[in-house]
Amino acid sequence: QNEEKWDFVLVSDIHEMGSEKEIKRKKFLDELNKKGFTIKKIEDTKLFYGVRAPQHIFWKYQCFLANTNSRQQNSSANQDIPVTTRIRVVHFILQNTVTSDLEKLHDLMKKKVFEAAFPLHKNEEIRQILKKNWARWRVMFKEQPIEEIRCYFGEKVALYFAWLGWYTYLLIFAALAGVATVAAGATVYSSSQVSKEICDANDTIMCPLCDQNCSFWVLSDTCTYAKVTHMIDNEATVVFAMFMAIWATVFLELWKRQRATVATDWDLYGWDEEEEELALHLINNSQHEPQPYQHSYIRSTIVLILALLMITVLIGIAHALVIYRAVAMALFMQSEASLLSKHADTIAVMTGAVLHYLTIIIMTKVNWHVALFLCKLEKPRTFSQRENNFTVKIFIFQFFTNFSSLIYIAFFLGRVSGHPGHYVRIAGHWRLEECHPSGCITDLFIQMAVIMVLKQTISNIMEYLVPWISHQLRKKQKSPRKRSMMLGEEEEAEDPCKRQWLYNYELNEVNVFSLFNEYLEIVIQYSFTTIFVAAFPLAPLLALINNVIEIHMDAIKMMRLRRRMVPRKAKDIGIWLQVLEAIGILAVIGNGLVIAITSDFIPVQVYKYMYSPCARENHTSMDCSTGYINNSLSVFHIRDFESHTKVFPEFNGVQIKTCRYRDYRNADDYTYTVQFWHIFAARLAFLILFEHVALCVKLIAAWYIPDVPQKVKNIILKEKHSNLQNELSMTEYSTEV
């Protein structure tokens with residue numbers, strides 16, 4: 001039974017005898033033989049080579065570990081090597097074995113000498129436990145078996161699921177706060193003074209929304225829209241944005257504690273990735289020379305310039321979406337179909353959001369290739385360094401892809417479009433869109449809702465369906481041929497390895513980025529959940545629902561649809577922690593800006609305390625925001641329209657002389673009023689105050705919650721003490737002798 005334990009399987013096409021590919025394959029297998037590897041060949045429609053490493057390799061590995069980590073010395077001197085360690089060491093040696101032609105396995109796979117190399121899913125007891133308690137939809141709300149995941153997939157995968165589980169658990173609190181915020185808004189759905197004024201404004205004539213054949217319109221037409229806006233945009237939102245800034249900090253601080261506990265339990269506290277890599281290199285080749293650290297300012301400058309160019313392209317795409325919305329708005333307004341012309345603004349926003357989602361999908365693929373190319377330019381020293389460099393680049397590109405359009409809607413929409421009689425135009429023709437009279441925040445809400453819902457539903461369906469369908473297809477391709485082989489060669493069909501190897505070969509292949517993709521998806525989702533959460537308080541709820549499904553979908557993919565991942569050691573989630581901390585700071589800035597600039601919170605407060613009836617006559621009985629809508633609309637004289645603007649001066653049989661538009665400008669020369677500058681100053685003051693308070697609270701929370709629990713510190717302290725005691729007794733003993 002022991003003889004049938006294979007660490008890795010290499011798969012190759014059946015090449016002609018004497019062909020170049022066959023010679024290269026033989027050279028590679030000979031190199032493995034020289035290192036003492038046992039190789040078993042099984043022939044089917046492909047050639048399968050089972051590979052088992054000699055025991056002395058693992059003894060060397062244990063010696064290295066024992067020297068670097070005295071804690072492991074005591075525990076694992078005469079133990080069996082864990083399967084995850086065997087696979088990791090063998091994978092490293094396979095990847096770094098060089099043939100006489102100076103080719104590695106990676107090069108041979110590019111030249112189609114080998115088709116695949118993978119460790120096996122075996123019918124171990126632990127696999128059955130994971131299938132039963134983790135990779136099923138039934139156990140969706142149970143705790144994950146992290147220890148078993150670690151024993152089967154290694155520490156890196158286990159840490160991903162531990163982190164994702166922790167994030168999902170803490171999302172419950174954020175989701176409840178978000179739902180409470182929306183519920184608080186819903187209670188004032190019809191009673192908000194500002195909404196009431198918009199709904200009662202039957203005689204407030206608004207300026208036309210387009211240049212050609214657009215009529216005037218009455219403010220009360222937008223009653224429902226105003227009610228929805230004030231459901232999102234109220235005082236509760238400010239509190240919620242503050243809460244989310246603190247939540248993001250607490251989440252990360254508590255995760256650091258969790259990670260410290262896990263790392264100690266897994267004997268990884270003193271483990272060093274670089275040391276491990278050097279040890280593996282020396283096991284593979286005792287003559288190995290380490291690659292020195294290098295840094296080139298020229299190379300860094302080139303990478304920086306190219307990265308900035310790419311970001312410029314991504315911002316350009318966001319501009320293209322803006323142009324689309326402006327043109328679409330103009331065309332829908334002039335449309336014959338009443339449905340289109342009546343709801344032109346909402347339809348333009350919705351189709352714009354769908355287009356944005358499509359650009360996200362396309363640009364994700366482009367970003368991927370650009371980030372890989374930039375990484376190659378940098379020539380990183382080790383695999384982990386390459387992974388870190390790649391992570392930072394792809395995250396920055398993905399951030400701009402996902403958020404540049406949202407940033408425009410939040411902070412520029414309606415602020416750069418000019419005013420009646422003097423509009424800013426695209427190519428001198430199309431007017432830029434304006435904000436809705438009840439504020440821009442609903443546009444941001446729609447955009448975020450569409451993107452989050454589409455991203456999570458479509459991405460999850462594709463993420464599960466694509467591997468499932470490709471697995472079914474691979475099975476179909478292999479099955480009939482396999483049976484005919486078995487009929488022809490009875491004695492080979494008996495080989496128990498053959499069925500197991502074929503089953504593993506039929507599964508979908510995994511690559512270095514399989515886990516990286518999962519991280520990236522969740523981190524981008526975390527950005528949506530925190531950065532503009534003031535405009536979309538339901539984001540944490542959507543994220544929570546998504547994550548509960550995501551955990552088990554990932555589990556099913558890893559256990560049932562994909563080949564086994566090569567286990568990797570890790571003591572934390574790596575550079576992702578810094579990325580999450582950066583998002584936490586961006587969240588404070590983003591939410592501060594949304595409340596200060598996008599929301600109507602500040603203009604309403606300024607009106608209440610400086611311009612309302614309350615401020616003038618000290619009324620306590622009436623609502624202080626009475627008269628706000630009339631105050632926030634400026635007057636425009638129709639005679640001042642641009643020459644090429646065609647409007648019908650009659651509206652409902654009445655000759656129109658003036659119309660209203662949303663801005664704070666004087667009626668005679670259209671310059672800004674004093675109130676505009678008051679509001680501008682208040683916005684700045686609020687922004688500075690909000691960000692400083694939120695950042696201070698974040699810092700206090702970070703200081704208040706220690707990164708490493710006392711229990712862990714005490715364990716490490718005791719260990720250091722006992723190690724030094726042992727060394728002391730050893731030296732005393734040797735001096736006595």
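Biologist: How much area does the protein expose, and what share of it do carbon and sulfur atoms supply?
Modeller: Happy to start there, keeping in mind that this is a predicted model. The exposed area of the protein comes to about 35,900 Å². The share supplied by carbon and sulfur atoms is 61%.

Biologist: And what percentage of the residues count as buried?
Modeller: The C-alpha atoms fill a box of roughly 105 × 70 × 55 Å along the principal axes. The protein has 27 helices and 16 strands. Of its 737 residues, the buried portion is 51%.

Biologist: What part of the contacts with a separation of 6 or more comes from residues 24 or more positions apart?
Modeller: Here a contact needs heavy atoms within 4.5 Å. Among contacts with a separation of 6 or more, residues 24 or more positions apart account for 80%.

Biologist: How far apart are the centres of the positive and negative side chains?
Modeller: Good one to ask. There are 78 positive side chains and 76 negative ones. The centres of these two sets are separated by 3 Å.

Biologist: Let's turn to the helices. Where does α15 bend?
Modeller: Helix α15 covers residues 344-378, 35 residues in total. From first C-alpha to last it reaches 48 Å, close to the expected 51 Å. There is still a bend of about 25° in α15, and its place is Met363.

Biologist: Which residue just after α15 takes a positive phi?
Modeller: Most residues other than glycine have a negative phi. In the loop between α15 and α16, one residue has a positive phi near 50° without being a glycine. At 57% relative accessibility it is above the 50% cut-off and so counts as exposed. That residue is Lys379.

Biologist: Where is Asp267, which also has a positive phi?
Modeller: Phi of Asp267 is near 60°, again a positive value in a residue other than glycine. Asp267 is found in the loop between α11 (235-265) and α12 (273-284).

Biologist: On to α16: on which residue is its kink centred?
Modeller: Helix α16 runs over residues 383-411 and has 29 residues. It reaches 40 Å between its first and last C-alpha, close to the expected 42 Å. The kink in α16 is about 45°, and it is centred on Phe403.

Biologist: Why is α16 described as largely enclosed by the rest of the structure?
Modeller: A residue is buried when its relative accessible area is under 20%. The helix is largely enclosed because the buried residues of α16 number 21 of the 29.

Biologist: Is Leu406 buried or exposed?
Modeller: Leu406 lies in helix α16. Beyond residues up to four places away in sequence, Leu406 touches Leu444, Gln447, Met448, Phe528 and Phe532. The C-alpha atoms of Leu406 and Leu444, 38 residues apart along the chain, are separated by 6.7 Å. With a relative accessible area of 0%, Leu406 is buried.

Biologist: Last one: which residues does Ala667 contact, leaving aside neighbours within four places in sequence?
Modeller: Ala667 is in the loop between β16 (658-662) and α26 (674-704). At a relative accessible area of 33%, Ala667 is partly exposed. Its C-alpha is 6.2 Å from that of Phe636, 31 residues away along the chain. With those neighbours left aside, the contacts of Ala667 are Val635 and His637.

Technical notes: Residues are numbered from 1 along each chain as its sequence is written. Side-chain values use heavy atoms; hydrogens and water are left out. Helices (H or I, at least four residues) and strands (E, at least two) are DSSP runs, numbered from the N terminus. The expected span of a helix is 1.5 Å times one less than its number of residues. The bend at a residue is the angle between axes fitted to the seven residues ending there and the seven starting there. Buried means under 20% relative accessible area, exposed over 50%, partly exposed in between (1.4 Å probe, protein chains only). Accessible areas come from the Shrake-Rupley method with a 1.4 Å probe; for residues, only the protein chains shown count as cover. Lys and Arg count as positive and Asp and Glu as negative; His and the chain ends are not counted. The place of a charge is taken as NZ of Lys, CZ of Arg, CG of Asp or CD of Glu.
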